[in-house]
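Please walk through this protein with its charged and aromatic side chains in mind, moving from the overall fold to individual pairs.

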Amino acid sequence: MHTEDTPFEPTDNLPERREFFRIEDRIGLEVRKLSHSAEFSDNPFNDDHIETLKADFRRLDQDIKSQLASLADQDRLLTGLVKSLNGKLDTLARIMAFQQNPLQPEDWQDVTLSEGGLAFSGSPQAWQTGDKLAVRMTLPPELFQPRAVAQVLDVQATETGGARVHTGFIQIQDGDRQQIARHVMRWQIRQRQKE
């Protein structure tokens, strides 16, 4: 079941008021608390060594997409084949990246996720309202890894002695937000198919 989500709505970088759909899902979640002076570009996940490769990958992906647009007018069958091969390579690249840096079992947890933010379980002492966090998510089954800077909006104690940490994204690239939106949409489709 999905519900409209306004508590996670980021207000700093969205000029118009938007509402998001949120889902309850199990994802890979890596969270690092940022110091007040730190920027997200300071690489909180220590993966500078692959940033150049990722930039090349994005450039090549854009080249393919622009060439596919002109090819589509000439040969639909070939265009379909190239799209399929491109998708297959994308999936293979994600699998290889994931296998080289596997998440530990404790990195997988139940979250509430939307385009505007996420809520996760944590220690009540670890997080305070206003904290800024670097967040990297791994969204199955596609293994997309969107990143964001989130701000803690609320920390609610749970009956088990833990806390539910509610955050809103305050800095996220459009491509990462689109990955989350596609993941939410696919999750909703899978839920409808189960019914």
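## From a helical pair to the whole chain

At 33% relative accessibility, Asp63 counts as partly exposed. In this predicted model, its side chain meets that of Arg59 in a salt bridge, with a distance of 3.7 Å from N to O. Arg59, with a relative accessible area of 45%, is partly exposed as well. The two residues both belong to helix 1, which covers residues 51-74, and they are four residues apart there, about one turn of the helix.

Helix 1 is part of a fold whose secondary structure comes to three helices and seven strands, and whose elements, read from the N terminus, follow the order β-β-α-α-β-β-β-β-β-α. Of the 195 residues in the protein, 37% are buried. Among contacts between residues at least 6 apart in sequence, 66% join residues at least 24 apart.

The charged pairs can be followed next. Side chains of opposite charge can pair when their charged atoms come close. The count of salt bridges comes to four, and one of them joins the side chains of Arg26 and Asp110, at 3.5 Å from N to O. Since Arg26 lies in strand 2 and Asp110 in strand 3 (residues 108-114), this pair ties together parts that are 84 residues apart in sequence. Arg26 is partly exposed, its relative accessible area being 42%, and Asp110 is partly exposed too, with a value of 47%.

Strand 2 also contributes Lys33 to a salt bridge with Asp131, in which the closest N and O atoms are 3.4 Å apart. Here again distant parts of the chain are linked, for Asp131 lies in the loop between strand 4 (117-122) and strand 5 (132-138), 98 residues from Lys33 in sequence. The partners fall into separate accessibility classes: Asp131 is buried, with a relative accessible area of 11%, whereas Lys33 counts as partly exposed at 46%.

What does Asp25, which is buried, have as its nearest side chain of opposite charge? That side chain is Arg190, which is 5.2 Å away, and Asp25 has no salt bridge; the distance explains this, because a salt bridge needs a side-chain nitrogen of Lys or Arg within 4 Å of a carboxyl oxygen. Asp25 is placed in strand 2, which spans residues 20-34. Its side chain does make a polar contact with the side chain of His183, at 2.6 Å. Leaving aside neighbours within four places in sequence, Asp25 is in contact with Gln109, Asp110, Val111, His183 and Trp187; Asp110, in this list, is also the salt-bridge partner of Arg26.

The aromatic side chains offer a further view of the structure, which holds one aromatic pair. The rings of Phe120 and Trp127 have centres 5.8 Å apart and planes at 90°, so the arrangement is edge-to-face. Phe120 counts as buried, at 3% relative accessibility, and Trp127 likewise counts as buried, at 13%. Elsewhere, a ring is involved with a charge: the charged end of Arg182 sits over the ring of Phe144, 6.0 Å from its centre.

Definitions and conventions
Residues are numbered from 1 along each chain as its sequence is written. This is a predicted model: local features need pLDDT of at least 70, side-chain atom pairs count only at pLDDT 80 or more; totals for chains, interfaces and linings use all residues. Side-chain values use heavy atoms; hydrogens and water are left out. Buried means under 20% relative accessible area, exposed over 50%, partly exposed in between (1.4 Å probe, protein chains only). Lys and Arg count as positive and Asp and Glu as negative; His and the chain ends are not counted. A polar contact is a pair of N or O atoms within 3.5 Å; within protein, one must be able to donate a hydrogen and the other to accept it, and residues adjacent in sequence count only if both atoms are side-chain atoms. Contact means heavy atoms within 4.5 Å. Rings of Phe, Tyr and Trp (its six-membered ring) pair if their centres lie within 6.5 Å; planes under 30 degrees apart count as stacked, over 60 as edge-to-face and the rest as tilted. A charge sits over a ring if NZ of Lys or CZ of Arg is within 6 Å of the ring centre and within 35 degrees of the ring normal.
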